[in-house]
Amino acid sequence: KDMIEDEMLKEPQQRQLINLLAGQYLWSPKYEEGLALLKQAQNLTCPKTSNEYFRTYYYMAEIYLSRKNQPETALEVMNNMLNITGIHPANLYQTYMVIGACNEKLGKKDAALENYKQARDYGKKVTYKSDFSGADKAIERLSK
């Protein structure tokens, strides 16, 4: 935590450290502290298409969705990612997976199904080997 305050670090590096720490807090009893750190990270500048930028909002959405049971807030957080051009397809895959999960939790099955299909489409655009079967499983589950 002390490293975050190091004045030698540039803002993208500080944001990366905050994301790393908040990611560790995500599934621990300290998730509220992680959320506070992520809110702090929002004020640190970095390119909007960077993984650091995405990770801040992805972790925030995960906390709101999975830890605080606030899918509306998580949806609002992740919808911000859709207005940015040039985001990596893997990050868009995760964005649509979270949006789909939010809509599913809100009882919006048709919207969730479309979100999972969009996630699958972005997953197919990733050029390196990665597992995007979560979208297929969600589509299969909601198509029954």
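Let's start with one residue, Q14: it is buried, with a relative accessible area of 13%. I call it buried because the cut-off for that word is under 20% relative accessible area. Please keep in mind throughout that this is a predicted model.

So where does Q14 sit? Its place is in helix α1, residues 11-25. If you look across from there, you'll find T45, which is 31 residues away in sequence, with a C-alpha to C-alpha distance of 9.6 Å.

Now let me zoom out to the whole chain. What does the secondary structure come to? Seven helices and zero strands. Reading from the N terminus, the order is simply α-α-α-α-α-α-α, which is kind to anyone who has to remember it.

On overall dimensions, the C-alpha atoms fill a box of roughly 55 × 35 × 25 Å along the principal axes. The radius of gyration is 16 Å, and that agrees with a compact globule, because a globule of 144 residues would come out near 15 Å. Buried residues account for 45% of the 144. As for contacts, if we take those between residues at least 6 apart in sequence, 58% of them join residues at least 24 apart.

A word on the surface, for those of you thinking about buffers. The chain exposes about 8200 Å², and carbon and sulfur atoms supply 48% of that. There are 20 positive and 18 negative side chains, and the centres of those two sets lie 6 Å apart.

Let's go inside. In soluble globular proteins, nonpolar side chains tend to be buried together. Here, the largest nonpolar core has 27 residues, and the ones touching the most other members are M60, M78, M81 and V98. Which elements give two or more residues to this core? They are α2 (31-41), α3, α4 and α5 (89-105). The biggest contribution comes from α3, with 10 residues. There is also a second, separate core of 14 residues, and among its members are V126, A135, A138 and L142.

Let me take M78 as a guide to the first core. Setting aside neighbours within four places in sequence, M78 is in contact with F54, Y57, Y58, A61, T95, V98 and I99.

One of those partners, Y57, deserves its own look. Y57 is in helix α3. Is Y57 buried or exposed? Buried, with a relative accessible area of 10%. Again leaving out neighbours within four places, the contacts of Y57 are R15, Q42, V77, M78 and M81. For a sense of scale, Y57 and N115 are 58 residues apart in sequence and 18 Å apart in space, C-alpha to C-alpha.

Next, E104, in helix α5. This residue is partly exposed, with a relative accessible area of 26%. Which residues does E104 contact, beyond neighbours within four places? A112, Y116, R141 and L142. You may recognise L142 from the second core. In the other direction along the chain, A74 is 30 residues from E104 in sequence and 12 Å away, C-alpha to C-alpha.

Last, a backbone detail. N69 lies in the loop between α3 (51-67) and α4 (71-79). What is its phi? Near 50°, a positive value in a residue other than glycine.

So, to wrap up: we have seven helices with no strands, a main nonpolar core of 27 residues and a separate one of 14. Thanks for listening, everyone!

Definitions and conventions. Residues numbered from 1 in each chain as written. Predicted model: local features only at pLDDT ≥ 70, side-chain atom pairs only at ≥ 80, totals over all residues. Heavy atoms only, no water. Helix = DSSP H or I, 4+ residues; strand = E, 2+ residues; numbered from the N terminus. Rg over C-alpha atoms; globule rule 2.2 N^0.38 Å. Buried < 20%, exposed > 50% of the residue type's maximum accessible area, 1.4 Å probe, protein only. Contact = heavy atoms within 4.5 Å. Areas by Shrake-Rupley, 256 points an atom, 1.4 Å probe, with all protein chains shown as cover. Lys, Arg positive; Asp, Glu negative; His and termini not counted. Charge placed at Lys NZ, Arg CZ, Asp CG, Glu CD. Core = buried A, V, L, I, M, F, W, Y, C linked by side-chain atoms within 4.5 Å.
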